[in-house]
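Here is a short briefing for a first look at this protein. Keep the structure in view while reading.

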Amino acid sequence: SLIRAGGMVKEGSIKKSTDSLEVTFIITDFKNSIPVTYVGILPDLFSENAGVVVQGRLGSNGNFLASEVLAKHDENYMPPEVAKILEINK
């Protein structure tokens, strides 16, 4: 079953493969962090310290295997689950 997780892309955590579309990064809600692996084209607004929602499944090693990455730069328009997480942690 698919899981959705939201948070901020941790600064300095984005690592792109040189020979494939694989990218790894860490999302955080400032309390917990989870490593994410995604293969595909990232949204234009994807960047460090930006809000994202990832959809996919948890791998056996605790790594999140994303099948979809949604990015929102503008804090005024952020997925509600991300806004809620960030609001709690202010």
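In which sense do β4 and strand β6 pair, and over how many bridges? They pair in the parallel sense, over three bridges. The model is predicted. The protein has one helix and six strands. Along the sequence, the pattern reads β-β-β-β-β-β-α. Of the 90 residues in the protein, 38% are buried.

**Strand pairing**

- Strand β3 covers residues 22–28, and strand β4 covers residues 33–39.
- β3 and β4 pair in the antiparallel sense, over seven bridges.
- Within this pairing, Phe 25 stands opposite Val 36 of β4.
- β4 also pairs with strand β6, which spans residues 64–72.
- Thr 37 has Leu 65 in β6 as its bridge partner.
- β4 is thus a good place to begin tracing: follow β4 to β3 for the antiparallel pairing, then to β6 for the parallel one.
- In a regular strand, side chains alternate between the two faces of the sheet.

**The turn between β3 and β4**

- β3 and β4 form a hairpin, with four residues between them.
- Phe 30 lies in this loop.
- Phi of Phe 30 is positive, near 75 degrees, and the residue is not a glycine.
- Is Phe 30 buried or exposed? Phe 30 counts as exposed because its relative accessible area is 55%, and the cut-off for exposed is over 50%.
- Asp 29 sits in the loop between β3 and β4 too.

**Asp 29 and its contacts**

- Asp 29 is buried, yet it has no salt bridge.
- Which side chain of opposite charge is nearest to Asp 29? That side chain belongs to Lys 31, and it is 6.6 Å away.
- A salt bridge needs the two charged groups within 4 Å, so the 6.6 Å to Lys 31 does not qualify.
- The backbone offers contacts instead: the backbone nitrogen of Lys 31 lies 2.9 Å from a polar atom of the Asp 29 side chain.
- The backbone nitrogen of Asn 32 lies 2.7 Å from a polar atom of the Asp 29 side chain.

**A second positive phi**

- Asn 49 is found in the loop between β4 and β5, where β5 is 51–58.
- Phi of Asn 49 is near 65 degrees, a positive value in a residue other than glycine.
- Asn 49 is partly exposed, because its relative accessible area is 44% and partly exposed runs between 20% and 50%.

**On the surface**

- Which residues form a nonpolar patch on the surface? Leu 21, Val 39 and Ile 41 do, with about 320 Å² of accessible area together.
- Leu 21 lies in the loop between β2 (15–16) and β3.
- With a relative accessible area of 48%, Leu 21 counts as partly exposed.

**In the interior**

- Val 54 belongs to strand β5.
- Val 54 counts as buried because its relative accessibility is 0%, and buried means under 20%.
- How many residues separate Val 54 and Leu 70 in sequence? They are 16 residues apart in sequence and 6.3 Å apart in space, from C-alpha to C-alpha.

Key:
Residues numbered from 1 in each chain as written. Predicted model: local features only at pLDDT ≥ 70, side-chain atom pairs only at ≥ 80, totals over all residues. Heavy atoms only, no water. Pairing = 2+ DSSP bridges. Helix = DSSP H or I, 4+ residues; strand = E, 2+ residues; numbered from the N terminus. Buried < 20%, exposed > 50% of the residue type's maximum accessible area, 1.4 Å probe, protein only. Lys, Arg positive; Asp, Glu negative; His and termini not counted. Polar contact = N/O pair within 3.5 Å; in protein donor to acceptor, adjacent residues only side chain to side chain. Patch = residues over 30% accessible without salt bridge, like charges linked within 9 Å, V, L, I, M, F, W, Y side chains within 5 Å. Areas by Shrake-Rupley, 256 points an atom, 1.4 Å probe, with all protein chains shown as cover.
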